[in-house]
Amino acid sequence: MSITTPTPTPTRTPTPTPTPQKTGSAHRRLFVLNRSRVTSEVLAEIEELEEGWIEPRIAELTARSEPLVSRAQWIAHLEALLAEERAGGPAGKYLAEEATREEFTCVVREFALDGLTEAQNFFPAIPRLPIKAQMAVMRVLIDEFGCGNLQQAHSQLYRDLLAELGLPQETESFLDTTGDETFQFLNVFYWLTQRAPDVEYFLGGLAYLEASIPDAFQVQARACARLGIANGRYYTEHLHIDTFHMKEMQQAVKEYEAVHGLDPTKVWIGAQLLSGLIGDAFDAAVQRAREAV
Ligand SMILES: [Fe+2]
Ligand SMILES: [Fe+2]
């Protein structure tokens, strides 16, 4: 079983959906395998699926990314990307300003596997980082897990939101309703942390994500306020905390460079990878919500 490569475009890489949006898709299968006990058979299947999916994406991004020569250049590229995305797209505008409660609920359901497993898949990156970079990423992770306080854990904030919207609380309940674009966004971190040849791809991907969320989640925060949803704290908490996390991830990149040197092109490719995957997942989620309701 393999997953087909996307066709390159000059801007964001469109995520293909070579397998149908149904139970048993290759991306769903990969997600289940990624969260299974690792045996040689499981790992072989994971690697086979990733070989046909993520490796061609990295090769394509590598081919079309201009080589960067410094960390400062990576930061400039990231800031340009964030500025471009800050304007938002039609899907975000619709969700913030027009979506019904039912449509918003569909989007919350679509990202439930992300919210319920939030940050769990970052941990395998820790042993691949020098100690000071580990500390920066751990400061992020500690926040993601509510500093050990369940009520503050981001996954619990998502459970609170699911409960208000009448949705289930267990990951198993969402395996058959989650789209391939979302599974790809979820699966990418298992590859980035465990099997990417260089951990700079992970640092760039997470640095992008933490830096983009304070703008991106304005959409959901506005939708919650407009629709009178009381448990929108999952989003508003991120508007606040990810302004710190984006700095921690820049610190992690800096500390990595101090010990190992840095290939800023790989950090930038990681950012572009995440930008494409989360953008596609969000657009598809809003589209599916509009079609379903
Ligand atoms: Fe979070
Ligand atoms: Fe965060």
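Colleague: What spacing do the donors of the iron ion (ligand 2) follow along the chain?

Modeller: Keep in mind that this is a predicted model. The protein donors here are Glu144, Glu210, Asp242 and His245, with Glu210 listed for two OE atoms, and they lie 2.1 to 2.8 Å from the ion. Along the chain, these donors follow the spacing E-x65-E-x31-D-x2-H.

Colleague: Nice. Which helix holds both Asp242 and His245?

Modeller: Both residues are buried. Asp242 and His245 are three residues apart, about one turn of the helix, and that helix, spanning residues 233–260, is H13.

Colleague: And which residue bridges the two iron ions?

Modeller: Happy to trace that one! Around the iron ion (ligand 1), the protein donors are Glu118 (OE), Glu144 (OE), His154 (ND1) and His238 (NE2), at 2.0 to 2.1 Å. An OE donor of Glu144 also serves the iron ion (ligand 2). The two ions lie 4.0 Å apart, and the bridging residue is Glu144.

Colleague: How far apart in sequence are the parts that Glu118 and His238 tie together?

Modeller: The donor residues of the iron ion (ligand 1) are spaced E-x25-E-x9-H-x83-H. Glu118 sits in the loop between helix H7 (112–116) and helix H8 (131–144), while His238 belongs to helix H13, so the pair ties together parts separated in sequence by 120 residues.

Colleague: Last one: is Glu237 buried or exposed?

Modeller: Glu237 is placed in helix H13. Beyond its neighbours within four places in sequence, Glu237 is in contact with His154 and Leu157. Its relative accessibility is 17%, and because the cut-off is under 20%, Glu237 counts as buried.

Note on methods
Residues numbered from 1 in each chain as written. Chains lettered and ligands numbered in written order. Predicted model: local features only at pLDDT ≥ 70, side-chain atom pairs only at ≥ 80, totals over all residues. Heavy atoms only, no water. Donors = N, O, S within 2.8 Å, 3.2 Å for Na, K, Ca; no water. Helix = DSSP H or I, 4+ residues; strand = E, 2+ residues; numbered from the N terminus. Buried < 20%, exposed > 50% of the residue type's maximum accessible area, 1.4 Å probe, protein only. Contact = heavy atoms within 4.5 Å.
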